[in-house]
Amino acid sequence: MKDIVWGQVLSVDVDEIDDDHRKLINLFNLLNHAVTDGESPAYLAAILEELVNCTVWHFSHEERLMLKYSYGDMEDHRSEHRELIKSARALQQKIQAADNAIADDDIEYLERWLTAHILTDDRRLGDYLSQVM
Ligand SMILES: [Fe+2]
Ligand SMILES: [Fe+2]
């Protein structure tokens, strides 16, 4: 699988959110390389856990900004975050049940999981925040 390359298309024009997204993308790329390099199952599971935990933290960060700046779509955006965490935890369980073997499909799923939300909901949030912050 190819790395996710950070670029303007992924920017939401709010530096503190872009910084978080870059960190998440770096972790995704680290996982992708670790799979290609045949790293141990325990190491792969550890990166995945770090990625999910960082995502939980990042969502709290966005939700704090939504509250502070009275974002109108906060409830929808928050419920989207909840769904994303649920699906990441489900993927983690599936991978654990497979002795921590990570398939190409899992990596592709994670790529979409990470980028689709940034390109839609986060872009809308960024458009709003960049006007009011
Ligand atoms: Fe985000
Ligand atoms: Fe978000």
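Donors are N, O and S atoms within 2.8 Å of the metal (3.2 Å for Na, K and Ca); water is not among the atoms, so sites may look incomplete. The model is predicted: local features need pLDDT of at least 70, side-chain atom pairs pLDDT 80 or more, while totals for chains, interfaces and linings use all residues. Residues are numbered from 1 along each chain, chains are lettered from A and ligands numbered from 1 as written, and side-chain values use heavy atoms, without hydrogens or water.

**Exercise 1.** Find which residues coordinate the iron ion (ligand 1), and state their spacing in sequence.

*Solution.*
- Start with the donors: His21 (NE2), His58 (NE2), Glu62 (OE) and Asp122 (OD), at 2.0 to 2.2 Å.
- Write the spacing: H-x36-H-x3-E-x59-D.
- Place one pair: glutamate 62 sits in helix H2 and aspartate 122 in helix H4, 60 residues apart, so this pair links distant parts of the chain. Helices are DSSP runs (H or I, at least four residues), numbered from the N terminus.
- Check exposure: glutamate 62 and aspartate 122 are both buried (under 20% relative accessible area, 1.4 Å probe, protein chains only).

**Exercise 2.** Classify the arrangement of the four donor atoms around the iron ion (ligand 1).

*Solution.*
- Recall the rule: four donors are tetrahedral if all angles lie between 85 and 135 degrees, and square planar if opposite donors are over 155 degrees apart and all others between 65 and 115; anything else is irregular.
- Apply it: the angles run from 82 to 174 degrees, which makes the arrangement irregular.

**Exercise 3.** Identify the residue that coordinates both iron ions (ligand 1 and ligand 2).

*Solution.*
- Glutamate 62 coordinates both.
- The two ions are 3.6 Å apart.

Notes
Tetrahedral: all angles 85-135°; square planar, octahedral: opposite > 155°, others 65-115°. Helix = DSSP H or I, 4+ residues; strand = E, 2+ residues; numbered from the N terminus. Buried < 20%, exposed > 50% of the residue type's maximum accessible area, 1.4 Å probe, protein only.
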